[in-house]
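Thanks for coming, everyone. I'd like to walk you through one model today, so have a look at the screen.

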Amino acid sequence: MCDKLSSLPDSLLLHILSFLPTKQAVATSFLSKRWRPLRHSLPTLIIHDAKFLGREVFIQFVDDVLISGDLKFLKNFGLNCWSLDLPNDKINIWIDALINSKVEHLEIWFPYRFNTKLPSGVFNCSTIRVLKFHGITFSSLSSVNLPSLEVLHLNRVRLPDINCLAMLLSGCALLEMLVLTDLDVNNYGPTQEIGKLNHLVTAVVPPSLVPLEALSNVTFLSLQSIWSPGVTMHAIWSPDADNIPTFYNLTHLECYVDGWTRIVNCFRNFPKLQNLVIFKLFCRFPHEPIPNVPTCLSSHLKEFTFGDFQLHEAYVAFMKFILNNAQVLCSVKITSGYTLSSEVEISEMIKVISGYPRASENCKFLHDISLGSSRKDWDCWFRF
Amino acid sequence: MSSSVEAITVLSSDGDEFKITVSAAKLSKPLNWMLEDVCFSDDCDEVPTIEVNSKTLVKVIEYCEKHAPRANSGASDSDAEELKKWDIEFMKMDVKDILFHILMAANYLHMEGLYDLACQTAADLMKGMTVSQIRKIFHIKNDFSSEEQEQLRRQHPGCSFD
């Protein structure tokens, strides 16, 4: 039997290799001379330290691929150092090689405890379109120029101060998706002025970290909690309608809210809002009068998700207000989230709220077990 | 081409005739171009040849006919799930022989879905295998001299050759 596979064109063999884990795709270069050069044409390398027996073997492999290798065709690179605490200079050498190779998509995943720092080159790279970091510590940035960056995702990243974030965002003029989750900001001061991110479509950020003006182009806004101890309250949003910009494109909003009447009064700043997710309602803010029912609520709102819903006064008042006024509402979901109500309690609650008077005839009432965020496509990483 | 034609006849590289419905043929870019260019009405006696052998063409047409309804109209999640299962069954074939031809055919006929499926199948056969096991499955001859192998071992200490 002859070797037919090796007679296939490079493009086809490379497509086959694209379905293999990186370690194995690289290993096929030892099959025969025909396969030897293909490793240099792999467009995607995703390397996870757990797949290697020991630290030295892992370092040798990455060195071999990134330093001795030819990275001309490399577009996507992912490095996950789950268990190995690597010397920072080693990481710097790797990242510098990647930056010089004109990589477009870079994901670096470190455990939070290692304090891994990145070389400044990574913030001055003209080819990078997607940048995702987990568990990295930023030192203060001297310059940022990421003219092609479309996606920035920082998860469990430690920043020296809030200026560092402002500096970073000011260098990303074409940014379309911004995800800042569980950030640890050492010096939490007032937010710095940054210009409006004109291309931004999706923002998943803690409410007080980035000025809303910068985000006002988005269609999807998720105001997340902050992980850092002592600043949990920063996650709760109690905006003042007169002081926030108009989000002309916003269709999806999810947030922790303090004072439901306050957020309802803000709805006039979200004229296209269709999907509202309340992660949790806090009731410290005094009730405000609602002079007019905002148009978006009466004629656009289709989905309403209420996290940690309870049959208590403010929750019920908010729910009744929505049901009474949202004329095109299709679905109401409640979650048991924080208080962990039982299935029976939830179905009892659904029975009660579905009996409230409502403006929309065709409205479904559901138990949403996924707690809030119905759209998680902002939270996808390489499969390491 | 007249819109009344529902199926066309093509020749395999072995010279056998095959019928394929128009909607199924549209899954392949070159076949689609052929549909636009060539006269397929009943009184036209030109039958195009596809450079794919009969055994492979049967499989390719089977794939196209199965996938055509979904490609043309979109499908629900349950349809997609059913189709995925069907693909797995469809790809259970003699590796060394037909899989290679399917890869070539999907490439030549610009059929993205079948191309991905066949490449994925080939990759799945390699997954978790050692270098020497992969050589055995696909009859790949190790043409490195022992000196070259020794050199490779020195250059790539982190990698396994066996």
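Let me start with a word I'll lean on: contact, or touching, means heavy atoms within 4.5 Å. One caution before we go on: this is a predicted model, so local features need pLDDT of at least 70, side-chain atom pairs count only at pLDDT 80 or more, and totals for chains, interfaces and linings use all residues. As for bookkeeping, residues are numbered from 1 along each chain as its sequence is written, chains are lettered from A and ligands numbered from 1 in the order in which they are written, and side-chain values use heavy atoms, with hydrogens and water left out.

Okay, chain B. Eight helices and two strands there, and both kinds are DSSP runs numbered from the N terminus (helices are H or I with at least four residues, strands are E with at least two). Along the sequence the order is β-β-α-α-α-α-α-α-α-α. Of the 162 residues in chain B, 41% are buried. Buried here is under 20% relative accessible area, exposed is over 50%, and partly exposed is in between, using a 1.4 Å probe and protein chains only. If you take chain B contacts between residues at least 6 apart in sequence, 60% of them join residues at least 24 apart.

Now, how does chain B meet chain A? On the B side 36 residues are in contact, with 31 residues of chain A. The buried area is about 2,900 Å², and carbon and sulfur atoms give 70% of it. That is the accessible area, with a 1.4 Å probe, that the two parts lose on being put together, summed over both.

How many salt bridges does the rule find across this interface? Just one, counting a side-chain nitrogen of Lys or Arg within 4 Å of a carboxyl oxygen of Asp or Glu. The partners are B:Glu148 and A:Lys33, with their closest N and O atoms 3.4 Å apart. There are also eight residue pairs in polar contact between the chains, both residues at pLDDT 80 or more. On the B side, helices H5 (95-108), H6 (112-126), H7 (131-138) and H8 (146-155) each supply at least two of the residues touching chain A. By polar contact I mean a pair of N or O atoms within 3.5 Å; within protein, one must be able to donate a hydrogen and the other to accept it, and residues adjacent in sequence count only if both atoms are side-chain atoms.

Let's zoom in on A:Thr28, in the loop between helix H2 (22-27) and strand E1 (44-48) of chain A. Why do we call A:Thr28 buried? Because its relative accessibility is 2%. Beyond residues up to four places away in sequence, A:Thr28 touches A:Leu17, A:Leu20, A:Trp35 and, from the other chain, B:Met126.

Two histidines to finish. A:His252 sits in strand E14 (residues 252-258) of chain A, and A:His252 counts as buried because its relative accessibility is 6%. Its side chain makes a 2.7 Å polar contact with that of A:Glu254 and a 3.3 Å one with that of A:Asn275.

Then A:His105, in strand E3 of chain A: that one is buried as well, at 15%. Leaving out neighbours within four places in sequence, A:His105 is in contact with A:Lys75, A:Asn76, A:Phe77, A:Val130 and A:Phe382. Strand E3 (105-109) is also among the elements covering the buried residues of helix H4 in chain A.
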